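Thanks for making time this morning. I would like to take you through one structure, slowly enough that you can follow each point on the screen.

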Amino acid sequence: MSSVGRPPELDGNGEIVQKSLVNVTIPSKLAQFLKEKGINRSKLFTDVVTKLFNDEICKRCYSDHIEENITRYQCRSCKHILKYKNCENCNNPYDVHYNKFAQPEDKAFLKGCYDCIPPEERA
Ligand SMILES: [Zn+2]
Ligand SMILES: [Zn+2]
């Protein structure tokens, strides 16, 4: 067999990454745009899907302007919340309605939540 084309892509362990052909249907103008820009569609598809699953791209508006704060990862463009973090003190997940960020009045620790600090002990 002659070696034609690119060398196979290797994963972090030096193993060949097995590939599958998938067909996707996209608007013709978008396909033309990608062709004109010389964008590799296979790489683009892989990158975008990976970012979507890693919460690096907003599932609602496809922006990659994701900001992180104490309680969550949120899209800067449309304000969609991609993922809540867990409280550093009790490990319960934050929630915009039920479990908000809080600090104990005695400052025994700095990052807590409504679950682990009763109302009368919140700063
Ligand atoms: Zn968004
Ligand atoms: Zn907590």
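I will go from the helix to the sheet, then to the core, and finish with a few individual residues.

Before anything else, please keep in mind that this is a predicted model, and that everything I describe is computed from it.

Let me start with helix α2, which covers residues 41–53 and so has 13 residues by the DSSP assignment. From its first C-alpha to its last it reaches 18 Å, which is close to the 18 Å expected at 1.5 Å a residue. Is this helix packed away or in the open? Of its 13 residues, the number that are buried is 0, and therefore α2 lies largely in the open.

Just after α2 comes Asp-55, whose phi is positive, at about 60°, and I mention it since this is a residue other than glycine. Asp-55 sits in the loop that runs between α2 and β1, the latter being residues 66–68. It counts as partly exposed because it has 13 C-beta neighbours inside 10 Å, whereas a residue is called exposed at 12 or fewer.

From that loop we come to the sheet, which is open and is formed by 3 strands in the order β1-β2-β3, with antiparallel pairing. The edge strands are β1 and β3, the latter spanning 81–84, and each of these pairs on one side only. From one strand to the next, the twist averages 15°.

Taking the pairs in turn, β1 and β2 are antiparallel over 3 bridges, and in this pair Ile-66 stands opposite Cys-75 of β2. The two strands make a hairpin, with 3 residues between them. Strand β2, residues 72–75, also pairs with β3 in the antiparallel sense, over 3 bridges, and here Gln-74 is placed opposite Ile-81 of β3. That pair is a hairpin as well, with 5 residues between the strands, and in its turn Lys-79 has a positive phi of about 70°.

Now to the core. Which residues make up the largest nonpolar core? There are 5 residues in all, namely Cys-87, Tyr-94, Ala-102, Cys-113 and Ile-117. If you select Cys-113 and leave aside its neighbours within four places in sequence, you will find it in contact with Cys-87, Cys-90, Asn-92, Tyr-94, Asn-99, Lys-100, Phe-101 and Ala-102. That list includes Cys-87, Tyr-94 and Ala-102, which are themselves members of the core.

Two further residues deserve a look before I stop. Lys-107 lies in the loop between β4, residues 101–102, and β5, and its phi is near 55°, again a positive value in a residue other than glycine. Lys-107 is exposed, because 8 other C-beta atoms lie within 10 Å.

The second is Pro-119, which is found in the segment after β5, the strand at 112–113. Why is Pro-119 classed as exposed? It has 7 other C-beta atoms within 10 Å, and the class of exposed residues takes in those with 12 or fewer. Finally, the C-alpha atoms of Pro-119 and Glu-105 are separated by 10.0 Å, these two residues being 14 residues apart along the chain.

How values were computed: Residues are numbered from 1 along each chain as its sequence is written. Chains are lettered from A and ligands numbered from 1 in the order in which they are written. This is a predicted model: local features need pLDDT of at least 70, side-chain atom pairs count only at pLDDT 80 or more; totals for chains, interfaces and linings use all residues. A nonpolar core is a set of buried Ala, Val, Leu, Ile, Met, Phe, Trp, Tyr and Cys residues joined through C-beta atoms within 7 Å. A residue is buried if 20 or more other C-beta atoms lie within 10 Å of its own, exposed if 12 or fewer, and partly exposed in between; C-beta atoms are placed from the backbone. Two residues are in contact if their C-beta atoms, placed from the backbone, lie within 7 Å. Helices (H or I, at least four residues) and strands (E, at least two) are DSSP runs, numbered from the N terminus. The expected span of a helix is 1.5 Å times one less than its number of residues. Two strands pair if DSSP finds at least two bridges between them. Axes are lines fitted to C-alpha atoms, for helices over the stretch in contact, and angles run from 0 to 180 degrees between N-to-C directions.
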